Amino acid sequence: MSIRGLKKKQPKTFKVKIITVDAEMEFSCEMKWKGKDLFDLVCRALGLRETWFFGLQYTIKGMCTWLKMDKKVLDQEIPKEDPISFHFLAKFYPEKVEEELLQEITQHLFFLQVKKQILDEEIYCSPEATVLLASYAVQAKYGDYDPNFHEPGFLAHDELLPKRVLRQYQLTAEMWEEKITAWYAEHRGIARDEAEMNYLKIAQDLEMYGVNYFPIAQNKNHTDLLLGVDAKGIHIYSINNRFSPNKSFEWSSIRNISCSEKELTIKPLDKKAEVFKFFSSQLKVNKLIFQLCIGNHDLFMRRRKVDSIEIQQMKAQAREEKARKKMENQRLAREKQLREEAERAKEELERRLFQLEDEARQANEALLRSQEAAELLAEKAQIAEEEAKLLAQNAAEAEQERQRLEITALKSKEEKRLMEQKMREAELIAVKLVKESDRRAKEAEHLKQDLHEAREAERKAKQKLLDITRLNYPHMAKYPQYSPGDSRDANFDKGSIKLDLKDIDLKRLSFEIERERLDYLEKSRKFEDRLKELKSEIHALKLEEKQAGLY
């Protein structure tokens with residue numbers, strides 16, 4: 001067979017791009033493939049067995065549509081692009097995620113899609129619940145919280161909260177991270193699949209979880225209601241309230257749903273109940289609603305039947321897988337615990353080693369310091385010994401000086417006492433001299449007075465004698481040879497002798513007085529000289545006492 005023949009037998013293909021929540025894949029499809037062929041190829045590539053929850057979605061003319069499984073891919077109204085893009089998304093939602101989601105890949109795809117819907121605000125979530133959900137998302141991504149590894153700012157590049165919540169509260173990114181980390185630290189020991197399941201269990205209780213909303217009208221002219229389809233039934237909402245439905249139809253209470261052009265009819269199981277009719281803006285919307293109703297109703301009825309062999313096998317495998325993972329997680333947790341204990345023991349040993357090295361270093365430093373201190377103390381001891389010798393020598397000299405000063409002081413005291421005694425004696429002598437001087441002065445005064453009286457008496461006697469002579473012997477002068485006069489002359493001569501003798505006594509007395517006065521003056525001069533010497537000696541003793549006091 002030729003190469004050309006082989007080329008002719010090769011089927012024609014077209015390229016498609018499959019976009020999941022976290023990845024993109026490209027496939028080559030045969031021209032004759034139906035939607036189910038492409039869908040099965042994607043499920044095999046993902047390893048997904050719970051295929052009934054998912055579908056391939058595309059957008060045409062601004063409207064999201066699901067690829068039909070029973071029709072050829074190229075026969076459907078798909079975008080004319082190369083490659084053709086499809087989004088692999090969850091089309092139907094479980095009632096209870098913990099019971100229905102068996103495979104880990106199914107659970108992971110649901111977790112990523114629901115998380116995206118919450119962040120895109122397609123599902124409303126309270127701020128408190130968003131923080132808790134964000135903490136589980138962080139646990140699923142980063143594992144157990146480690147303050148040494150997860151430092152502040154490690155969530156800076158992660159989108160964890162809806163923008164509505166960030167706008168509602170004026171908190172910084174650091175404050176939000178602190179709140180999320182506080183919850184995140186509480187999830188220690190939870191594996192990734194457990195964290196994602198906890199996330200989904202919280203999310204499935206939100207009012208808008210798993211609901212597909214479509215604008216409808218109760219008549220052909222007004223679109224004033226919303227119709228929601230989810231795993232539990234059909235709900236009618238007012239246009240401004242997507243949380244609380246005005247009317248609900250459980251799948252178990254619906255007998256029939258019919259679709260004709262833009263009209264959709266819901267017939268309750270109770271035949272007496274009112275039939276609900278509504279209109280949509282386009283036929284495609286009506287068909288999409290009808291398609292979702294059929295799929296959700298089939299799953300609703302399927303959940304209430306006995307599981308098929310395939311489902312039972314999947315559940316058994318899921319249980320075995322969970323048990324295996326639980327044991328594996330326990331083993332890993334034990335190993336992690338042992339590793340952490342070993343690391344803590346290692347850190348403790350390293351810390352102890354570092355502590356011992358530090359203590360040894362400190363001991364060496366202390367030894368060096370003690371050696372230096374010992375050398376310094378020895379040097380100081382030598383200096384102290386020399387100083388002690390010097391101080392002893394100084395003390396001996398001081399003691400000698402003290403003894404000398406004591407002797408000097410004693411001598412000074414003795415000399416002072418002698419001087420005081422001499423001064424007292426000098427004072428007594430001075431007093432005596434003053435008294436003697438006064439007495440001599442008084443005696444001299446008396447003597448002068450007596451001398452004056454004697455001279456006055458002499459003068460008077462001489463005058464009286466002359467007077468007597470002139471009266472008795474008036475011619476004595478003319479007759480000097482007169483004999484009687486000789487006798488009187490003799491008497492006169494005797495009187496003269498007496499007067500001369502008296503004059504001699506007075507002169508002698510005057511001479512003695514003058515001599516005594518000179519003696520007194522000489523003694524006074526000597527005494528003053530002696531007083532001056534005593535004063536000089538006393539002054540010298542006072543100076544010595546002051547110097548002794550300074551020492």
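## Surface charge and backbone features

K61 sits in the loop that links strand 3 (54-60) to strand 4. The model is predicted. Two traits stand out for K61. Its phi is near 55°, a positive value in a residue other than glycine. K61 is also exposed, with a relative accessible area of 72%.

E121 shows a positive phi too, near 65°, and is likewise not a glycine. Its loop runs between helix 4 (104-119) and helix 5 (127-142). Is E121 exposed or partly exposed? E121 is partly exposed, because its relative accessible area is 34% and that class covers values between 20% and 50%.

**A cis bond and a negative patch**

The peptide bond that joins D82 and P83 is cis, with omega at about -5°. P83 belongs to the loop between strand 4 (63-66) and strand 5 (84-90). D82 has a second role in this account: with E24, E26 and E81, D82 forms a negative patch on the surface. E26 falls within strand 2 (residues 24-30). Why does E26 count as exposed? The relative accessibility of E26 is 53%, and exposed means over 50%.

**A positive patch**

Which residues gather in the patch of positive charge? They are R255, K267, K271 and K277, and the patch lies on the surface. K277 is part of strand 12 (residues 276-279). K277 is partly exposed, because its relative accessible area of 43% is not over the 50% needed for exposed.

The table lists accessibility for residues discussed above.

| Residue | Location | Relative accessible area | Class |
|---|---|---|---|
| K61 | loop, strand 3 to strand 4 | 72% | exposed |
| E26 | strand 2 | 53% | exposed |
| K277 | strand 12 | 43% | partly exposed |
| E121 | loop, helix 4 to helix 5 | 34% | partly exposed |

**Annotated coiled-coil regions**

The UniProt entry, which is unreviewed, lists "coiled-coil region" for residues 311-464 and 517-544. How much of residues 517-544 is helix in the model? The chain there is 100% helix and 0% strand. The C-alpha atoms at the ends of this stretch are 41 Å apart.

Methods. Residues numbered from 1 in each chain as written. Predicted model: local features only at pLDDT ≥ 70, side-chain atom pairs only at ≥ 80, totals over all residues. Heavy atoms only, no water. UniProt positions renumbered as here; feature names shortened; annotations may be inferred. Helix = DSSP H or I, 4+ residues; strand = E, 2+ residues; numbered from the N terminus. Patch = residues over 30% accessible without salt bridge, like charges linked within 9 Å, V, L, I, M, F, W, Y side chains within 5 Å. Areas by Shrake-Rupley, 256 points an atom, 1.4 Å probe, with all protein chains shown as cover. Salt bridge = Lys/Arg side-chain N within 4 Å of Asp/Glu carboxyl O. Lys, Arg positive; Asp, Glu negative; His and termini not counted. Charge placed at Lys NZ, Arg CZ, Asp CG, Glu CD. Buried < 20%, exposed > 50% of the residue type's maximum accessible area, 1.4 Å probe, protein only.
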